[in-house]
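Reader: I have a model open on my screen and would like to walk through its salt bridges, helices and inner spaces. Could you take me through them one question at a time?

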Amino acid sequence: MPEHQQVRLPDDVRLHVEVTGPPDADVTVVLLHGWTLDGRAWHRQLADLTARFGERVRVVTYDARGHGRSSCMALRTATLAQLGDDLAAVLDAVAPTGPVVLVGHSMGGMTVMEYAHRHPEHFAARTAGLVFVSTTAEGHTHTVYGLSPRIARLIRLAETTGAGVLARCGSWRPPRALLRALRPSIRWMLFGDRCDPSDIRLVTSAVARASLRSIGGFRASIGAQHRLETLAELAHLPAAALVGDRDRLTPPPCAESIAAALPATELTVCPGGGHMLMMERPDEVNAALAAVLGRVLAGATEIGATDPGTTGPTPTKTGATEPTPAG
């Protein structure tokens, strides 16, 4: 069973953190969820990591500020920059030593990039591997919702206007009755060809836990972030990027630009997959994470006896796979 903790941040926000595995594990894996979700989104990856690696791996999940069981925050701190700072604080609090593999979905992946940008020395000292799931380093550059550019612009305008209204609603939560009515829209926006009803229920439950301030407040920062130059500095790390070819929010060009910035990245494009790949395509996500983690563990085994805090040797270049054309 996971150990539940709270990490209190300098601005008094309290983050709900769950830790599975021994403190002296060879590697810590940190799973970062997407916008309006919470740490439960990774339940299939947590189960696989525990079964596959046992006590060699410690797994940390946490709910971002304003999400899940973490407390709400001041509107001015609803930014990716703040989330990058929060990640550094979580590492210091619950995994202060040893190599870490950072795994980010959507906003979680953008959080990892912001952490690398804002805390380069801290990042370099701790990070041994990266996995990006359905995320982008280019804001809303490629987001057209699977529609024509003209309609996409109208949707973005409405979304941005609505986000500004929601951001001023503080810690209130979305009404569950409204979210149940919106399930068909959630299914269309977030999922691809296949969708388990239990996944829709989990996503709806997560959105119901997110504060309206976080639902609206993070929108501007997410749309504006550009971190390809930051990624290019991380090319020595073993990495993987995954995307669904029916992802309406972060379509294949988002993952392709990440892979171009990180030439050693293994790029996986999942036919028929949407935005929620860790739920829709858990086998592919688990395999990509296991491949990165295996390389990190091999490095930790080679040098762990002399320096347990190191992140391992520089990996060899593996190249990216050819992406499947978007459908």
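Reader: Happy to start with an acidic residue: is aspartate 85 buried, exposed or partly exposed?

Author: Keep in mind that this is a predicted model. Buried would need a relative accessible area under 20%, and exposed would need over 50%. Aspartate 85 has a relative accessible area of 22%, so the word for this residue is partly exposed.

Reader: Which side chain meets that of aspartate 85 in a salt bridge?

Author: Side chains of opposite charge can pair when their charged atoms come close. Here the N to O distance is 2.8 Å, and the cut-off for a salt bridge is 4 Å. The partner, with a relative accessible area of 40%, is partly exposed too. The side chain that meets aspartate 85 is that of arginine 118.

Reader: How many residues apart in sequence are the parts that arginine 118 and aspartate 85 tie together?

Author: Arginine 118 belongs to helix H3, which covers residues 107–118. Aspartate 85 sits in helix H2, residues 80–94. The pair therefore ties together parts whose separation in sequence is 33 residues.

Reader: Thanks! Helix H3 also holds glutamate 114, so which arginine forms a salt bridge with glutamate 114?

Author: Glutamate 114 counts as buried, at 5% relative accessibility. The closest N and O atoms of the salt bridge are 3.1 Å apart. The partner lies in the loop between helix H10 (219–224) and helix H11 (228–232), so the pair ties together parts 113 residues apart in sequence. That partner is buried as well, with a relative accessible area of 18%, and its name is arginine 227.

Reader: Which residues do salt bridges with shared partners join into one network?

Author: A network arises here where salt bridges share partners. The residues joined in this way are Asp11, Arg65 and Asp86.

Reader: Now to helix H1: why do its buried residues line one face of the helix?

Author: The buried residues of H1, which spans residues 43–53, are Gln45, Leu49 and Phe53. An α-helix has 3.6 residues a turn, so residues three or four places apart point the same way. Seen down the axis of H1, the buried residues line one face because they fall within an arc of 35°.

Reader: And which residue just after H1 takes a positive phi?

Author: The phi angle there is about 60°. The residue that takes this value just after H1 is glycine 54.

Reader: Which residue makes a salt bridge with arginine 44?

Author: Arginine 44 is partly exposed, with a relative accessible area of 24%. The N to O distance in its salt bridge is 3.1 Å. The partner lies in helix H8 (residues 197–209) and arginine 44 in helix H1, so the two tie together parts 155 residues apart in sequence. At 3% relative accessibility the partner counts as buried, and its name is aspartate 199.

Reader: How many salt bridges does the count come to, and how many disulfides does a search find?

Author: The pair of arginine 44 and aspartate 199 is one salt bridge, and the count comes to twelve. As for cysteines, cysteine 254 is buried with a relative accessible area of 0%, and cysteine 270 counts as buried at 2%. A search of the whole structure for disulfides finds zero.

Reader: One last question: how much space lies in the largest cavity?

Author: The structure holds one cavity of 30 Å³ or more. Leu32, His33, Tyr62, Ala64, Leu83, Gly108 and Thr111 line the largest cavity. This lining divides into four nonpolar, three polar and no charged residues. The space in the largest cavity is about 70 Å³.

Notes: Residues are numbered from 1 along each chain as its sequence is written. This is a predicted model: local features need pLDDT of at least 70, side-chain atom pairs count only at pLDDT 80 or more; totals for chains, interfaces and linings use all residues. Side-chain values use heavy atoms; hydrogens and water are left out. On a 1 Å grid over the protein atoms alone, a cavity is a set of points where a 1.4 Å probe fits but cannot get out, and a pocket is an open set with protein on both sides within 12 Å along at least five of seven lines; lining residues have an atom within 4 Å of a point. Grid points are joined across faces, edges and corners, and a volume is the space filled by probe spheres set on the points. Ala, Val, Leu, Ile, Met, Phe, Trp, Tyr, Cys and Pro count as nonpolar, Asp, Glu, Lys and Arg as charged, and the others, Gly among them, as polar. Buried means under 20% relative accessible area, exposed over 50%, partly exposed in between (1.4 Å probe, protein chains only). Helices (H or I, at least four residues) and strands (E, at least two) are DSSP runs, numbered from the N terminus. The arc is that of the directions from the helix axis to the C-beta atoms. A disulfide is a pair of cysteine sulfur atoms within 2.5 Å.
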